[in-house]
Amino acid sequence: MLGLALSGGGFRAAFLHLGVLAQMARRGLLRQVAAISTVSGGSTIGALYCLRLQRLLQTNPNATDGDYVRLVQGLEVELLRVAQRNLRMRVYLNPLASLRLPASRLGELFDKYFYGGVRVRDLKLSRPVLVLNTTNLHTGGVWRIEAGSDSDLPLGLAVAATAAFPGVYAPVDLPGARVGDGGIRDDLGLATLVERGCDQLLLSDASFQLDEEEGPSVSVLGVALRSVKILRNELREEQLHRHPPKVLAHIRKSCPGVAAEVQDRLGRFRIDFDSLTEVEAWSLELYGYRMAEQELAGTPPVTEATFRFQAMERWIERPTPDYLRQLDVASHIFFKPLRLLRPLGVVAALAAIGAAVLLGLLWIPVGVLLVPAAAALLLIKPWGPKWLRRPVEAVSRFLVRGLLPALLSPLVALHLLTLDRLFLLLGRKRRLREPQ
């Protein structure tokens, strides 16, 4: 029985996985998948694929391999359209929604842009079965959400629960558990497939992998962060050893037709849910497509297929300096448009620093009140008496999820209207020079 695991890794994972799905559709393998196990970024595309597949089979129960190819071609357009809305920044655009609902704001955005309010129980595909993997913060174990179960949970919230990365997104309260990012416990999802009886495992892996550091930090915080990364990488290696997949396409794997310098840069691609440019998205998809082609060479194609991301083939084989520069910037989380605009970027950076200083001066009275209050609340929450914890949690939620986002939301809106649009414009394929 064939099982497909889609790892975590933000939107870089979603686009890499989509390239793997495209190659599987071309070879007639998507119809053979019995179960899909997903984490974080893998859940975004896994849930979207299953939702679109259910609608296809409802209208055409005898769907052909060509129908599966067309389905993936539609996902390619849809995923990029949503990814370019910068969901990470939009989390802070509507702070009142986060106060009013116990759900993650990210889940609301997933529902709005991806899943249209569909509930977990509404996704009733018998094949493949979709299982979303989160981490139970009470016990430290894996908490699985199976599509088609009795759960009335919005599908977007279930996906957000698998992607609630600590320190970036708040955990999600589900019936019976408070859960966080599935990658805390299992970023690959292989164990779920084994428990479902799958004996052939296909893994598309865009999860975190450890980089070698020439000069590790000597600070207490630096060593602590490095230790967490080492432990996370060790967990990944242990999972691969325990459940070795038959097919493994991962973000650091070299493959024919992809230049070594391109592969190296894509391996350092950021893990986030911010905007991706056309060049970034198509490069990740094509990389996944080429890796899957190498891994699935023993299964011949059953249908002809072309995809939009194949427009990057010349650059991924013979990269130009401006293309490599795009991929260099893709490893950063902040100031990406300024990094692409070198001459203007210096001026813009100076202007941004000046604006930040001015803004900081205006916020001093707010900071004087917020910082000590937040510090006191954080001290009371873990150590204070139980009768104080609930009101303290409510107040801290107001400060962190309400007041602070309310103060930041005008800046977020300005960023989305200016710098984010500039970044997407600079990342269009037509701006690249042709390879010689």
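Helix 7 (residues 155-162) is a good place to start, because eight of its eight residues are buried and the helix is largely enclosed by the rest of the structure. Buried here means under 20% relative accessible area, exposed means over 50%, and partly exposed lies in between (1.4 Å probe, protein chains only). Helices (H or I, at least four residues) and strands (E, at least two) are DSSP runs, numbered from the N terminus. The buried residues of helix 7 include Leu155, Val159 and Thr162. Around them pack helix 2 (41-59), helix 6, strand 3, strand 4 (142-146), strand 5 (172-174) and strand 6 (177-180). Contact means heavy atoms within 4.5 Å.

A word on what you are looking at: this is a predicted model, in which local features need pLDDT of at least 70 and side-chain atom pairs count only at pLDDT 80 or more, while totals for chains, interfaces and linings use all residues. Residues are numbered from 1 along each chain as its sequence is written, and side-chain values use heavy atoms, with hydrogens and water left out.

Now step back to the whole chain. It has 17 helices and eight strands, and buried residues make up 52% of its 436 residues. Of the contacts between residues at least 6 apart in sequence, 79% join residues at least 24 apart. The chain exposes about 20,400 Å², with carbon and sulfur atoms supplying 60% of that area; accessible areas come from the Shrake-Rupley method with a 1.4 Å probe, and for residues only the protein chains shown count as cover.

Another helix worth finding is helix 11 (residues 278-295). Of its 18 residues, 15 are buried, leaving the helix mostly covered. At 1.5 Å a residue, helix 11 should span 26 Å, and its end C-alpha atoms are indeed 26 Å apart. The expected span is 1.5 Å times one less than the number of residues.

Just before helix 7, in the loop that follows strand 4, you will find Asp152. Asp152 is partly exposed, with a relative accessible area of 40%. Its C-alpha atom is separated by 5.8 Å from that of Arg119, although the two residues are 33 apart along the chain. The side chain of Asp152 also makes a polar contact of 3.1 Å with the side chain of Arg121. A polar contact is a pair of N or O atoms within 3.5 Å; within protein, one must be able to donate a hydrogen and the other to accept it, and residues adjacent in sequence count only if both atoms are side-chain atoms.

Next come some spots with special backbone geometry. Most residues other than glycine have a negative phi, and most peptide bonds are trans. Asn86 has a positive phi of about 60 degrees although it is not a glycine. Asn86 sits in the loop between helix 3 (65-83) and helix 4 (87-90), and is buried, with a relative accessible area of 2%. Its side chain is joined to that of Asp420 by a polar contact of 2.9 Å. Phe335 also has a positive phi, near 60 degrees, but Phe335 counts as exposed at 57% relative accessibility. Its place is the loop between helix 13 (321-329) and helix 14 (336-340). Finally, a cis peptide bond, with omega about 0 degrees, joins Arg127 and Pro128.

What about charged pairs? Side chains of opposite charge can pair when their charged atoms come close. A salt bridge is a side-chain nitrogen of Lys or Arg within 4 Å of a carboxyl oxygen of Asp or Glu, and by this rule the count comes to 29. In one of them, Asp272 and Arg88 meet at 2.6 Å, N to O. This pair links distant parts of the chain, with Asp272 in the loop between helix 10 (260-267) and helix 11, and Arg88 in helix 4, 184 residues apart. Asp272 is buried at 10% relative accessible area, and Arg88 is buried at 13%.

Arg265 and Asp328 form another salt bridge, their closest N and O atoms being 2.9 Å apart. Here too distant parts are linked: Arg265 lies in helix 10 and Asp328 in helix 13, 63 residues apart. Salt bridges that share partners also join Arg88, Arg270, Asp272, Asp274, Glu280 and Lys336 into one network.
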